[in-house]
Structure formats: structure tokens, C-alpha cells
Amino acid sequence: MPELPDVEAFKEYLDATALHQNIARVRVDDDRILSGTSAQALGRRLKGSRLQGTRRHGKHLFARISGGGWLLLHFGMTGELDYGESNGGLPEYARVVLEFENGRRLAYISRRMLGEVAVLNDADAFIAEHDLGLDALDDAITPEWLQQQFASRPGPVKTALMDQSLIAGIGNVYSDEILFQAGLHPKTRSNRLNHEDLAHLRRTMRRVLRTTAGHQADPAQFPGSYLTTRREKDGRCPKCGGALKTDKVSGRTSYFCPKCQQKR
Ligand SMILES: [Zn+2]
């Protein structure tokens, strides 16, 4: 499922391919992916405009429309983007396609239809209305801020990291990676972490997210010490070689090394 590093890669991809091109036509293959708009309204809003720039907040990507407002892209479980020639055929599961006057098109792909495409007047209002917390790479996330937020949370630290209303952008896979790299058991109680633990967790979170985003969220390119590529039955710890364990945390299967991430 796309998390912050994946969406950051989509942002860079959109920035590198689809900005500043006149939109000639919008095709909606399945309007169940649209939220708060219709295919006609989306077309009216985008036709004749250009995408001027992007911003990302957590797992949400916003593209500024030259005529005003924002195009929201949320990728759900399986979403992605594809830029190519308009007459070159469409990728499978292309739900929304922006066709540009220059003969190219940008396709929003969602196999399982769990994503969302919308037009917004104000990205900040959307973030507030949807109760999204600080972006996981926001400088406002300090050890002191974490301590304040975690003080009232006796639940697992993995649950806190995945809570989009607290920190936006981290899901099941990257919370496991961050906790593995930080040497913290996923079920460690958030309110048990002291200032030093939280400073270490914050540093690790930023390093993991930046490193993986820097590799376009492609696990094949991640450092050899990363857990993400070992998420499988009989997976072994890349640090100590021991058997990885799984456990359910907030209903999600969590991978961890019982030796390197001891419960406390
Ligand atoms: Zn280990």
C-alpha cells in the first residue's frame, strides 16, 4: 500500500512528467473513484487548465490547477501513476486519464478502487477536515512534541506511528521498518518511551523515510540492513540472522525481530 515514500515518488514522477501541459480532455473510466465530484464536473474544472505544481501531505498528493483549486490524488491500496503517449494504449485499471494537448496523457491507476480522486478549493482545508496530523517529515515533529502526544497513549507505539490523525504518512510496512531500525518492539507502550527514546525514534523515522523515498520506494534498492524485503514466511533478521516473528497490531500483521527489538 502506498505510504509516504511511495507517494513522494509519485510526486517526483508527476513533477518530472505532467506539469505545465494544457489539459485537452479528462476521461473517467469508473466514477466510483471520484469523491465529491462527477466525471463532468472534473472535466469542466480541468479542461483548458494545467497542473502547476504539487504538494504532498502524508499519503495524499495535491496538484495545483492553473484555473484555481487542487486535484487530489489518494492511492488507496494499489494506486499509481503512468505518463505516456495518448495513442499508445492505456495501462490496465486506468480509472482517470488526463489527456494533454501535446499528445501525452497522465493515467491514475487503481486496481482495487480504494483510492480517491477529487477536486478541492483548498488543500489546507482538506487536511484539517480529514483530521490529518503533521506530515511525518514535518520539522514540527520534535522529541518534545512526540513526548507530549505519546504521554496519553498507553497503546503500542506501532499503532501511534500509523495513526494518521497524529502523524500522516506511515502505514504498516514503514512503521515496521522504522521500529526495526530503531530497535523498538512494535508493542512497546508509547507512553513508556522517554525523551532519549523519542529523539532516537524521530531521527530513525526521518532517516528511513528519506532513504526509502530516495530509492523511489523500491524495496529492491533498499539497504541490505532493511527489514522490508524480508517480510515473508521464514524471513530472517538482516542484522542478527535470527527468525523474524509476526504479530497482529491494530489488526495489521507486524514483522519484527524478537532479539533486536526486545519488549520492555
Ligand atoms: Zn535481529
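**Asking why of a predicted model**

Me: I see that Ala 94 sits opposite Ile 109 in S7. What makes strand S6 and strand S7 a pair?

Reply: A word first: this is a predicted model. Strand S6 covers residues 94–100 and strand S7 covers residues 104–109, and five bridges link them in the antiparallel sense. Two strands pair if there are at least two bridges between them, so five bridges meet the requirement.

Me: Which sheet do S6 and S7 belong to, and what is the order of its strands?

Reply: They belong to an open sheet of four strands, ordered S1-S6-S7-S5, with antiparallel pairing. The twist from one strand to the next averages 15 degrees.

Me: Why are strand S1 and strand S5 called edge strands?

Reply: Strand S1 (23–28) and strand S5 (80–85) each pair on one side only. Helices lie against this sheet too. Helix H1 (residues 4–17) lies across S5 and S7, at about 20 degrees to S5. Helix H2 (residues 39–46) touches S1 and S6, and its direction makes about 165 degrees with that of S1.

Me: What is the strand order in the sheet that holds S2 and S8?

Reply: That open sheet has the order S2-S3-S4-S8, and its four strands pair antiparallel. Strand S2 (51–57) and S8 are the edges, each pairing on one side only.

Me: How do you know that S2 pairs with S3, and S3 with S4?

Reply: Count the bridges. S2 and S3 are joined by six, while strand S3 (residues 60–65) and S4 are joined by five. At least two are needed, so both count as pairs. For landmarks, Arg 55 stands opposite Phe 62 in S3, and the bridge partner of Phe 62 in S4 is Leu 72. S3 and S4 form a hairpin with four residues between them, and Gly 68 in the turn has a positive phi of about 120 degrees.

Me: And what joins S4 to strand S8?

Reply: Five bridges, with S4 and strand S8 (residues 116–120) running in the antiparallel sense. One of the partnerships there is His 74 with Glu 116 in S8.

Me: Why is strand S4 called mostly covered?

Reply: Five of the five residues in strand S4 (residues 70–74) are buried. Trp 70, Leu 72 and His 74 are buried on one side, and Leu 71 and Leu 73 on the other, which leaves both faces covered. Leu 71 also has many partners: beyond its neighbours within four places in sequence, its contacts include Leu 42, Leu 46, Leu 51, Phe 62, Leu 98 and Val 117.

Me: Which residues have the most contacts inside the largest nonpolar core?

Reply: They are Leu 14, Leu 51, Leu 71, Leu 73, Leu 81, Val 96 and Leu 98, in a core of 28 residues. Another core, of 27 residues, lies apart from it and includes Leu 4, Ile 141, Val 157 and Ala 160.

Me: Is Glu 8 buried or exposed, and how do you know?

Reply: Its relative accessible area is 18%. Buried means under 20%, so Glu 8 counts as buried. Glu 8 is in helix H1, and, leaving out residues up to four places away in sequence, it touches Arg 56 and Ala 213.

Me: What makes helix H6 mostly covered?

Reply: Ten of the eleven residues in helix H6 (residues 172–182) are buried; among them are Tyr 174, Asp 176, Ile 178 and Phe 180. Its buried residues pack against H1, helix H5 (157–162), H7 and S12.

Me: Now the metal. Which residues coordinate the zinc ion?

Reply: Cys 237, Cys 240, Cys 257 and Cys 260, each through its SG atom, at 2.2 to 2.4 Å. A donor must lie within 2.8 Å of this metal, so the four SG atoms qualify.

Me: Why is the site of the zinc ion called tetrahedral?

Reply: The angles among its four donor atoms are 102 to 113 degrees. Tetrahedral asks for all angles between 85 and 135 degrees, so the site fits that description. The ideal angle for four tetrahedral donors is 109.5 degrees.

Me: What does the pair Cys 237 and Cys 257 tie together?

Reply: Cys 237 is in the loop between helix H7 (195–214) and strand S11 (245–249), and Cys 257 is in the segment after strand S12 (252–256), so the pair ties together parts that are 20 residues apart in sequence. Both of these cysteines are buried. The spacing of the donor residues reads C-x2-C-x16-C-x2-C.

Notes
Residues numbered from 1 in each chain as written. Predicted model: local features only at pLDDT ≥ 70, side-chain atom pairs only at ≥ 80, totals over all residues. Heavy atoms only, no water. Donors = N, O, S within 2.8 Å, 3.2 Å for Na, K, Ca; no water. Tetrahedral: all angles 85-135°; square planar, octahedral: opposite > 155°, others 65-115°. Buried < 20%, exposed > 50% of the residue type's maximum accessible area, 1.4 Å probe, protein only. Axes fitted to C-alpha atoms, helices over the stretch in contact; angles between N-to-C directions. Contact = heavy atoms within 4.5 Å. Core = buried A, V, L, I, M, F, W, Y, C linked by side-chain atoms within 4.5 Å.
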